[in-house]
Amino acid sequence: MRSGALLAAMICAAGSAAAQPAFEDLSGALPPHVYSGGWEHYVGGGVAVLDCDDDGWPDLFAAGGEAPALLLRNATAAPGAALAFEALETPPLTGVTGVYPLDMDADGVLDLFVLRAGPNLALRGLGGCRFEDATAAWGIDPGDGWSTAFSATWEPGAERPTLAVGNYVDRDDPEGPFGACDTHRLLRPGPGGYRAEQIAPGYCTLSMLFTDWSGDGRADLWISNDRHYYVRDGQEQLFRITPSLKEYGPQDGWQPYKLWGMGIASRDLTGDGLPEVAVTSMADQKLFELTGDGGPAYAPVAYDRGTTAHRPYTGDEGRPSTGWHVQFGDVDNDGRDDLFIAKGNVDQMPDAAMRDPDNLLMQGADGRFVEAGGTSGIGSPERSRGAALTDLNRDGLLDLVVVRRRAPMGLYRNLTAGAGNWLSVALAQPGGNAFAVGARIELEAGGKSRWREVQVGGGHAGGQAGPEHFGLGDAGAVRLRVRWPDGVLSDWAEAPANGHVLVRRGAGASISTEAPVPRPAVQPVSQ
């Protein structure tokens, strides 16, 4: 195991004393929106974060289930101001379980892949927060399943992304729902559209994520599955997709973990360049790290790191928790990533906690996590589903938006006093993969190194396309470089703390930078 020596190094590299996280509940400022519906919408309920009008401010697209999905334009007045959003008129879109932003047609404008209980949709971004249905035009078979998971990657030399679409229970199986898990589809771009390959066996997935777990530049597909419906024969899965589909097994080092998998997130927590993987579940939440034994050999470390979050932390509820969305992010900018977990009963499941507040697990200098959901002001007991930690008012602090089943959407402004320094890093490169999905950002600050992979997928039914946020602690400046998706490594560049930078790929191994947005001003970067 790698943990002992690395955690000791993390203590030595720790920056300023941790600030106490604090959020202001601004949920009442949102237009009314509830994720609703019957059995098919017990799961799902994701939210996408993207800048759909190219003004530099993140906008939101929230799934609605049987209710129409909701597109919200960011109307916040200025950096650091109170969060404000306005609903935009869109054609009613129902049956939506989740949504992920990415550039599918290589035009530099973000599109949306919409998951549904029924035919999925690919929405082409037209700018100005306008979208059109391009599913047929792009040659995508929409399917007609119960889609609940999505991830995307760019294979070597490809101008368009390879898409993984995960399905839950096969609604047409007369023997279901138990043991009636559907298969999934891998959509590879080709002449005239996308060709579909079956990913099998399927074990009722609720999340999937392409991750460069080994650090060698190849993204494999982690699929997290719900044993409530696969019952006995399933497990977590890892697939290699290049050059062809191959499922990892014990002979490769992969271990057969069985859990009620709901959401996935990956992040390098120890500074060794390899990601730890968090997976939400019923009862205890999971955190895995590579053992160093070769191959994708992961071991559970949640108990040692304090991230099990297995029961509610308020009230006298003794029944186990149910986790959904999961996301890493440095909430207090102390240079250590924290962990948010959305919680909530499936509907009226009697063996699980009914009042199950969301978790905000703050990482300490020793690498262990401590609960701050209740004291920070984000611990709603409603049935949360999808969520996003993201800087909505561009002040360098990660705010929070939460989609809830049978309850209004939540919005929280981060007001943490005494937070550390920060940096927001966006990438751009020529060609079809304009937002450099699959790139790895290496950043050095305050004597500490960290790596960040640009990904599409994971969480629970929703994702983000935008800058990567780094908390820096006391560091006033950083060095950074990028390993681009094709493996080319940029030169080191320097940037001052507390600003937004765009790293634009130049010729060969060089990079150039420029301000990407009209408001607010963006820090220049010197190399």
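**Rings, charges and strands in a predicted model**

Q: What makes arginine 227 count as a charge over the ring of tryptophan 260?
A: In this predicted model, the charged end of arginine 227 is 5.0 Å from the centre of the tryptophan 260 ring and sits over it. The cut-off for such a contact is 6 Å from the ring centre and 35 degrees from the ring normal, so a charge at that distance is within the limit.

Q: Which residue lies over the face of tryptophan 324?
A: That is arginine 385, at 4.0 Å from the ring centre.

Q: Why is the pair of tryptophan 39 and tyrosine 229 called edge-to-face?
A: Happy to walk through it. The two rings are 6.4 Å apart centre to centre, with 80° between the planes. Rings pair when their centres lie within 6.5 Å, and planes over 60 degrees apart count as edge-to-face, so the pair earns that name. It is part of a total of 13 aromatic pairs in the structure.

Q: What does the pair of tryptophan 39 and tyrosine 229 tie together?
A: Tryptophan 39 is in the loop between strand S1 (23-25) and strand S2 (47-50), while tyrosine 229 belongs to helix H2 (residues 227-230), so the pair ties together parts 190 residues apart in sequence.

Q: Is tyrosine 229 buried or exposed?
A: Tyrosine 229 has a relative accessible area of 9%. Buried means under 20%, so tyrosine 229 is buried. Tryptophan 39, at 34% relative accessibility, counts as partly exposed, because partly exposed covers the range between 20% and 50%.

Q: Why is the pair of phenylalanine 178 and tyrosine 229 called tilted?
A: Here the centres are 5.2 Å apart and the planes make an angle of 40°. Stacked needs under 30 degrees and edge-to-face over 60, so this pair falls among the rest, which are tilted. Phenylalanine 178 lies in the loop between strand S11 (162-167) and strand S12 (184-190), and tyrosine 229 in helix H2, so the pair ties together parts that are 51 residues apart in sequence. Phenylalanine 178 is partly exposed, at 47% relative accessibility.

Q: Which residues do ring pairs link into a cluster?
A: The cluster holds Trp39, Trp146, Tyr168, Phe178 and Tyr229.

Q: What makes S18 and S21 the edges of their sheet?
A: The sheet is open, with four strands in the order S18-S19-S20-S21 and antiparallel pairing. Strand S18 (264-267) and strand S21 (298-300) each have a single partner strand, so one side of each is left without a neighbour in the sheet. Neighbouring strands of this sheet are turned by 25° against each other on average, direction ignored.

Q: How do you know that S18 and strand S19 pair?
A: S18 and strand S19 (residues 276-279) share four bridges in the antiparallel sense. Pairing needs at least two bridges, so these strands qualify. In one of the bridges, arginine 267 has glutamate 276 in S19 as its partner.

Q: How do you know that the radius of gyration of the chain agrees with a compact globule?
A: For 527 residues, a compact globule would have a radius near 24 Å; the chain has 21 Å, which agrees. Buried residues make up 59% of the chain.

Q: Why is arginine 479 called partly exposed?
A: Its relative accessible area is 33%. Since buried means under 20% and exposed over 50%, arginine 479 falls in between. Arginine 479 has its place in strand S34 (residues 477-483). Beyond its neighbours within four places in sequence, arginine 479 is in contact with Glu442, Leu443, Glu444, Trp492, Ala493 and Glu494.

Terms used:
Residues are numbered from 1 along each chain as its sequence is written. This is a predicted model: local features need pLDDT of at least 70, side-chain atom pairs count only at pLDDT 80 or more; totals for chains, interfaces and linings use all residues. Side-chain values use heavy atoms; hydrogens and water are left out. Axes are lines fitted to C-alpha atoms, for helices over the stretch in contact, and angles run from 0 to 180 degrees between N-to-C directions. Rings of Phe, Tyr and Trp (its six-membered ring) pair if their centres lie within 6.5 Å; planes under 30 degrees apart count as stacked, over 60 as edge-to-face and the rest as tilted. Buried means under 20% relative accessible area, exposed over 50%, partly exposed in between (1.4 Å probe, protein chains only). The radius of gyration is taken over C-alpha atoms; the globule rule is 2.2 Å times the number of residues to the power 0.38. Contact means heavy atoms within 4.5 Å.
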